[in-house]
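Hi,

Here is the structure I said I would pass on. Have a look at it first, and my notes follow below.

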Amino acid sequence: NVHPVIMILAKFVNGFGGIAHFLPFFVLAMEMLPGKWRIQNSSICHHSFTSGGMIVALIGYLIQEWQRIQICATIPHIFAIPLLWFVPRSFAWLLTKGRRYEAEKVVELVCKRNKLSIPPETID
């Protein structure tokens with residue numbers, strides 16, 4: 001049997017990790033991708049829920065102990081938590097908060113990674 005404190009922590013990490021890992025990456029992808037790629041990216045992101053459900057069913061079939069299934073579901077979130085510190089802030093959010101300089105840096109980073117150039121007056 002798994003210790004109750006470990007189960008409580010696993011529940012917390014799953015609850016936190018499920019939304020904390022999906023939502024920021026999805027929103028940033030939607031903001032940073034060109035319009036023609038947004039529908040495809042959205043479909044791929046949402047298909048991951050179906051794939052995840054099938055993987056959970058397979059794990060459930062193979063393990064057949066709900067405590068161990070819970071621990072298996074927690075492991076990916078534990079490894080993904082540090083990624084949250086590397087996610088750039090949303091440039092749309094930065095602009096609405098009046099943090100223009102930071103927003104420009106995020107746009108420059110995105111353009112650099114996508115090998116694009118953007119005129120400085122575009123953000124105006």
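Let's start with Gln64, which sits in the loop between helix 2 and helix 3. This is a predicted model, so please read everything here with that in mind. Gln64 caught my eye on account of its backbone: phi is positive, about 60°, although the residue is not a glycine. For context, most residues other than glycine have a negative phi. Is Gln64 buried or exposed? Its relative accessibility is 59%, and with the exposed class beginning over 50%, Gln64 counts as exposed.

On to the overall picture. The protein has five helices and zero strands, so from the N terminus the order of elements reads simply α-α-α-α-α. How spread out is the protein? The radius of gyration comes to 19 Å, whereas the globule rule gives 14 Å for 124 residues; the value is well over that, so the protein is more spread out than a compact globule. The C-alpha trace spans about 60 × 30 × 20 Å along its principal axes. Of the 124 residues, 22% are buried. As for contacts between residues at least 6 apart in sequence, 60% of them join residues at least 24 apart.

Now the helix packing, beginning with helix 1 (residues 4–32) and helix 2 (residues 35–63). Their axes are 9 Å apart and the packing angle is about 165°. Since anything over 145 degrees falls in that class, helix 1 is roughly antiparallel to helix 2. The crossing of this pair is right-handed. Which residues meet there? From helix 1 come Phe22, Phe26, Ala29, Met30 and Glu31, and from helix 2 come Arg38, Asn41, Ser42, Cys45, His46 and Phe49. By type, the residues of this contact split into six nonpolar, three polar and two charged.

Helix 1 also packs on helix 3 (residues 66–80), with the axes coming within 8 Å and crossing at roughly 50°. That angle makes helix 1 and helix 3 oblique to each other. Here the crossing is left-handed. On the helix 1 side you will find Ile6, Met7, Ala10, Lys11, Val13, Asn14, Gly17, Gly18 and His21; they meet Trp66, Gln67, Gln70, Ile71, Ala73, Thr74, His77, Ile78 and Ala80 of helix 3. The tally for the contact of helix 1 with helix 3 is nine nonpolar, eight polar and one charged.

Two more residues to click on while you have the model open:

- Tyr61 belongs to helix 2. Tyr61 has a relative accessible area of 61%, so it is exposed. From Tyr61 to Asn14, which are 47 residues apart along the chain, the C-alpha separation is 20 Å. Asn14 is one of the helix 1 residues that meet helix 3.
- Leu95 is part of helix 4 (residues 91–96). With a relative accessibility of 37%, Leu95 counts as partly exposed. Leu95 and Phe79 are 16 residues apart in sequence, and their C-alpha atoms are 31 Å apart in space.

If you want a place to begin, I'd look at helix 1, which packs against helix 2 with a right-handed crossing and against helix 3 with a left-handed one. After that, take a look at Gln64 and its positive phi.

Cheers

Terms used: Residues are numbered from 1 along each chain as its sequence is written. This is a predicted model: local features need pLDDT of at least 70, side-chain atom pairs count only at pLDDT 80 or more; totals for chains, interfaces and linings use all residues. Side-chain values use heavy atoms; hydrogens and water are left out. Axes are lines fitted to C-alpha atoms, for helices over the stretch in contact, and angles run from 0 to 180 degrees between N-to-C directions. Helices (H or I, at least four residues) and strands (E, at least two) are DSSP runs, numbered from the N terminus. Angles under 35 degrees count as roughly parallel, over 145 as roughly antiparallel, 65 to 115 as roughly perpendicular and the rest as oblique. A crossing is left-handed if the near helix is turned anticlockwise from the far one by less than a right angle, and right-handed if clockwise. Contact means heavy atoms within 4.5 Å. Ala, Val, Leu, Ile, Met, Phe, Trp, Tyr, Cys and Pro count as nonpolar, Asp, Glu, Lys and Arg as charged, and the others, Gly among them, as polar. The radius of gyration is taken over C-alpha atoms; the globule rule is 2.2 Å times the number of residues to the power 0.38. Buried means under 20% relative accessible area, exposed over 50%, partly exposed in between (1.4 Å probe, protein chains only).
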